[in-house]
Amino acid sequence: MSRIVGIDLGTSTSEIACIVDGTPKLLPNSLGKVVTPSVVHIGEDGTVLVGEEAAEYLFTRPDCTFIEVKRLTGSGETLKAHGKEYAPEDIQAMLLSYLVRCAESSLEEKIDRAVITVPAYFTDVQRRATAKAGELAGLHVERIINEPTAAALDYGLSNLKECKNVLVYDLGGGTLDVTVLELFEGVIDVKASSGNNQLGGKDFDEIIMRHLADPTEDERALMRLKKSAEDCKIALSVEDEYTVSLPFLLTDKDGKPVSVEKTVSRRNFEDWVSEKVASTREPMMSALADAKLAPSDLQVVLLVGGSTRIPCIKKLVEETLGASPRSLVDPDLTVARGAAIQAGLIEGSINNKDLVLTDVCPYTLGTAPLREGLFGKRLVFDPIIPRNTTIPTEKAKIYFPAADYQTSVIIDVYQGESSDPDNNERLGEVRLTGIPPARQGKEQIEVTFGYDMNGILQVKASVLSTGRQVSAEISTTGVKAKPVLNLSKWEQAEGARQFRPLIRKAEKLIALNMDIGGDINMLVQRIKEELLLKNKEQADNLREELLAMLEVMEKVDKR
Ligand SMILES: Nc1ncnc2c1ncn2[C@@H]1O[C@H](COP(=O)(O)OP(=O)(O)OP(=O)(O)O)[C@@H](O)[C@H]1O
Ligand SMILES: [Mg+2]
């Protein structure tokens, strides 16, 4: 089997890595650098340039040079160059192809399998679009993983012995991701994710731009302005003041040249962005609440993404969590390193006995049935998979056709947190026909939602009386990658999640030390059985017993 690479396909920068000798290694691009600007230039004759070479055309040919395309992922918008139309996925595919070609020449082997990262807060549609970009680039996308989870894998691999609650705060060029997870001797148990997939460094650039000059349509002027705004922002992360100087930026309506010369202080900048910065507090609190943790329960805060170098961002995280966040991972490279680790777990170059990962679905997924209310019948959002459920997962609910003798139903699929479906994102629908005509309430329709390790949704609907069934992968594109971490039956049982780290630890110890494993093994098996039988209380009692036994065993071990 060929090697699998890990790719961080970022809004501003992208990186590619793979496992060499058991550790992640970043692979250089054609200029010898491991960080590639996410810029694509399409020439008149169709030649494609990527990275720094493409960025050189930002000022002279902004009409056919694309930046920050990730923010358009799955939007259905099109981009134009030389009269030809491109989907955002087409441009993303060019970026991916370039990274893969560079990796091929650095490794001197053919590459056609990849793990690609996306923000945890990417929707189902955005994930499918990312997978499509990979396929367009000729890649078999083995797995789509969440960026903060990748960062956790990177941290986890170098801290295999730790047991800690970790919050990852990832603020990059275009997206904010907050993820809370538990690290337990190599088991990474993601508990909750939250965020905003339309907030990042580019928004700070735009705010500075608005303070520097009046709005203009002139694309070249805009690009120059944007570049200066970003330079200014980056400088202010270390300096107190920065002077933007843009001579002859554009000409006014009388044809007179307009120049910009302005000094911006760090205070100015912090005032301008304060609202956006403060808005990142809510996702931190919400992820913590969903994980049932208080800020004081956190032992590690990982800062990821270029925008976490901004001092007022660090300060906000510190104030909100009451602990000083530490940059324990490389903020620019950690996501690609984590993607490579996931690739290594799939290809077997990293032992999945050492490192185990669980992840969650960040949004609530459900349908919108008609419900009787005070003001008559109306559509209400009915959750089937609640947000932050561990994945992969499958959940089912029973519905009834709304009218007598109805022979078909449409099941609308929504993603979001509002009880009003209109406030949520509509992902698609499944139509079930062939229901035997009957009085209302007689025929039962079972709707099943499955959510896989890539964060991709599968919806099934069936008529219980006849067994007639339809199923659809919501939306038209997407990968069908097989989950590699196959959760066994007991792991999928309700309430099993809190038990997983402990049981994994016990099993690891048993594997290491057969002599004293007998009793522990029996306890572990009993816990699994109780979980499967949904005897939560019994399982809890046995858990206490197991904990005590492990403690004794560790003491013996140390002696
Ligand atoms: N020293 C700095 N001070 C402030 N901002 C910075 C600094 N260095 C980089 N940035 C900003 O960080 C952003 C890029 O970060 P990064 O490369 O982590 O994002 P990305 O991975 O491309 O984006 P995303 O993860 O949102 O898709 C840009 O907006 C850049 O201006
Ligand atoms: Mg990033």
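How many salt bridges does the structure hold? The structure holds 26 of them, a salt bridge being a side-chain nitrogen of Lys or Arg within 4 Å of a carboxyl oxygen of Asp or Glu. The close-ups below pick out a few, plus one sheet.

This is a predicted model, where local features need pLDDT of at least 70, side-chain atom pairs count only at pLDDT 80 or more, and totals for chains, interfaces and linings use all residues. Residues are numbered from 1 along each chain as its sequence is written, chains are lettered from A and ligands numbered from 1 in the order in which they are written, and side-chain values use heavy atoms, with hydrogens and water left out.

**View 1. An open sheet of four strands.** Here the strands line up in the order 22-19-25-26, with antiparallel pairing. (Strands are DSSP runs of E, at least two residues, and helices are runs of H or I, at least four, both numbered from the N terminus; two strands pair if DSSP finds at least two bridges between them.) Strand 22 (382-385) and strand 26 (425-432) sit at the edges, each pairing on one side only. From one strand to the next, the twist averages 30°, using axes that are lines fitted to C-alpha atoms and angles that run from 0 to 180 degrees between N-to-C directions.

**View 2. Strand 25 alongside strand 26.** Zoom in on residues 409-415, which make up strand 25, and you'll find seven bridges joining it to the antiparallel strand 26. Asp 412 has Glu 429 of strand 26 standing opposite.

**View 3. Arg 337 meets Asp 154.** These two side chains form a salt bridge at 2.9 Å, N to O. The pair ties together distant parts of the chain, 183 residues apart: Arg 337 belongs to helix 10 (residues 334-347) and Asp 154 to helix 4 (residues 147-158). Arg 337 is partly exposed, at 26% relative accessible area, while Asp 154 is buried at 5%. (Buried is under 20%, exposed over 50%, partly exposed in between, with a 1.4 Å probe and protein chains only.)

**View 4. A salt bridge within helix 9.** Glu 319 and Lys 315 meet at 3.9 Å, N to O. Both lie in helix 9 (residues 311-321), four residues apart, or about one turn of the helix. Both are exposed.

**View 5. Lys 110 with Glu 104.** The closest N and O atoms of this salt bridge are 3.6 Å apart. Lys 110 counts as exposed because its relative accessibility is 60%.

**View 6. A salt-bridge network.** Glu 68, Asp 205, Lys 226 and Lys 233 are linked together here by salt bridges.
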